[in-house]
Amino acid sequence: MAGVVAGEAEESTPPWWRSAVFYQIYPRSFADSSGDGIGDLAGIRDRLCYLQLLGVDALWICPVMRSPMADGGYDVSDPRDIDPLFGDLATMDRLIAEAHERGIRLTMDLVPNHTSDRHPWFAAAVAAAPGSAERARYIFRDGRGPGGAQPPNNWPSIFGGPAWTRVTEPDGTPGQWYLHLFASEQPDLNWDNPEVVADFEQTMRFWLDRGVDGFRIDVAHGMAKPPGLPDMDPAVVAAVGLSADPSAAHPPDADAKLLVHDDSDPRFNNPGVHDIHRRLRKVVDEYPDAVSIGEVWVEDNVRFGEYVRPDELHLAFNFRLAETPFDAVKIRAAVENSLESVAQVGAVPTWTLSNHDIEREVTRYGGGASGLARARAMIMVELALPGAVFVYNGAELGLPNVDDLPEDVLADPVWERSGHTERGRDGCRVPIPWEGVRPPFGFTEGPGSWLPIPAEWADRTVAAQLESPASTLSLYRTALGLRRTRDEFDGDTVDWLGGPPDCLVFRRPGGLICVLNASADPIALPPGTVLLTSVPLHEGLLAPESAAWLV
């Protein structure tokens, strides 16, 4: 059964995840223990003391299963083993146990929509004949036109070009096409096949039995396909900015395409996906403390809420805040929308400002001193809201994107698939600087990290910031401690209060008041005792681009 954190009863009310702060770890960029310049599981274990000091409740670890790494581990060749790049099963077991000893839960990424093209199943499918049981695990179809030379429909891939690739049959002739909503190395599974469902359930139990506390489900809105795989409306294809034309220019990175994908897109959010999630939820419910978290890109609030009904996912990512500029009116609209999307079904909201696919918030808010000030203010807004919060590794250090990485180190598949016209997501994946005065800043004992760390990050290392009460890391530590221990953060709602123009003021039922000053001028605070500010007050006034908590 799922591991119980030391000192905590098996039955907890409310569930631990309702107000948890999850810390997202991109494994290759967190900490390297082997000296090869790539982060690994033992590196995470070595830094558990830091994560405990930071004050997070749980970890979300991006994929560490066996993979050829065509898409950063989201192309899985064996879902029930650890890739040697990151360690082995014994290392994972030790990490789970030691995290639990420190009171930290551990969740991991699972990828149900597709496998790697190196998965034994797919190798067997290509070697088998059309109509075989091996091909029935995936979505193979005959092509259209003379000789079946055209893809079965007009669906584009999220990465650009058609969502179909043609195979060569065992006799050497051009054959059927297989569906891949993402890269051609990521063939989509056929979730109408009971064998696929049963195998994924086996994978879930494999990790839950080892003590994992739950899963983040990748592309949780994508597993079910519409009957007959009909063509997309050309207007929808145009709306999402993609093309099924193999000769068309490749789009920017995948997350951008997910951000704009239309709710009428037949590739995603089909009704059958809910039957899949209900079945998976039954497996999770065998482990009473486990949580399931869905990556759900659905704009409509009613349809979004369907994913977090009581018998489906526990939590689903809502990316509204991560898409919103530093503007008080738009931030309030994003918060209200996120709360409304789950209130209809009695579910828990989630909040995040960045992840491994999204430009870091410091850069997104303008960069430099202003971008950092805004990012510090927004983490206080986020932590003041009811629900679960997800913090991407490095956000607590105020790290910006690194958008001038040398071209010869770029590793995101988007770089190659775009013909070197789009740099991809590597800029938000640069490794964590831990200590010292020059790269690689203690990330590795080797000569360098898989992506170079900027020399100007010397004042942003963990060690440097732990010594500074004014640092972003110190702000995170203080804010997380207050959120975890103060009753004023209790309650599931937000009461909006009046405030100056370009400012936000809201109160939690427990009594916490959060003030965000997004204006260009200092403002007076409402009555109350100041609990924390993102920058020091000046003559009792809250500076522009800052936030305060009062009780």
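Helices are DSSP runs of at least four residues, numbered from the N terminus. The model described here is predicted. Valine 414 lies in one such run, helix α13. Its relative accessibility is 3%; because the cut-off for buried is under 20%, valine 414 counts as buried. Phenylalanine 159 is 255 residues away from valine 414 along the chain. In space, the C-alpha atoms of valine 414 and phenylalanine 159 are separated by 7.3 Å.

Glutamate 456 follows in the loop between α13 (413-417) and α14 (462-466). Its relative accessible area is 58%; because exposed means over 50%, glutamate 456 is exposed. On the surface, Glu456 joins Glu359, Asp403 and Asp404 in a patch of negative charge.

Strand pairing was examined next. Five strands are listed in an open sheet with antiparallel pairing, in the order β14-β15-β16-β20-β18. Strands β14 (495-496) and β18 (530-533) stand at the edges. Each has a single partner strand, so one side of each is left without a neighbour in the sheet. Within the sheet, β16 (residues 513-517) pairs with β20 (residues 546-550) through 5 bridges, in the antiparallel sense. Asparagine 517 stands opposite serine 546 of β20.

Salt bridges number 29 in the model. One of them joins lysine 225 to aspartate 188, with 3.1 Å between the closest N and O atoms. This pair links distant parts of the chain, 37 residues apart. Lysine 225 is in the loop between β9 (214-217) and α6 (234-239). Aspartate 188 is in the loop between β8 (174-179) and α5 (194-209). Both lysine 225 and aspartate 188 are buried.

Another salt bridge is formed by the side chains of arginine 320 and glutamate 299, at 3.8 Å from N to O. These two residues are 21 apart and also link distant parts of the chain. Arginine 320 sits in the loop between β11 (315-316) and α10 (328-343), and glutamate 299 in the loop between β10 (291-294) and α9 (301-306). Arginine 320 is partly exposed, at 21% relative accessible area. Glutamate 299 is likewise partly exposed, at 33%.

Glutamate 488 and arginine 486 form a further salt bridge, with the closest N and O atoms 3.0 Å apart. Glutamate 488 has a relative accessible area of 17% and is buried. Arginine 486, at 29%, counts as partly exposed. Finally, a network of salt bridges links Asp71, Asp357, Asp412, Arg425 and Arg429.

Note on methods:
Residues numbered from 1 in each chain as written. Predicted model: local features only at pLDDT ≥ 70, side-chain atom pairs only at ≥ 80, totals over all residues. Heavy atoms only, no water. Patch = residues over 30% accessible without salt bridge, like charges linked within 9 Å, V, L, I, M, F, W, Y side chains within 5 Å. Areas by Shrake-Rupley, 256 points an atom, 1.4 Å probe, with all protein chains shown as cover. Salt bridge = Lys/Arg side-chain N within 4 Å of Asp/Glu carboxyl O. Lys, Arg positive; Asp, Glu negative; His and termini not counted. Charge placed at Lys NZ, Arg CZ, Asp CG, Glu CD. Buried < 20%, exposed > 50% of the residue type's maximum accessible area, 1.4 Å probe, protein only. Pairing = 2+ DSSP bridges.
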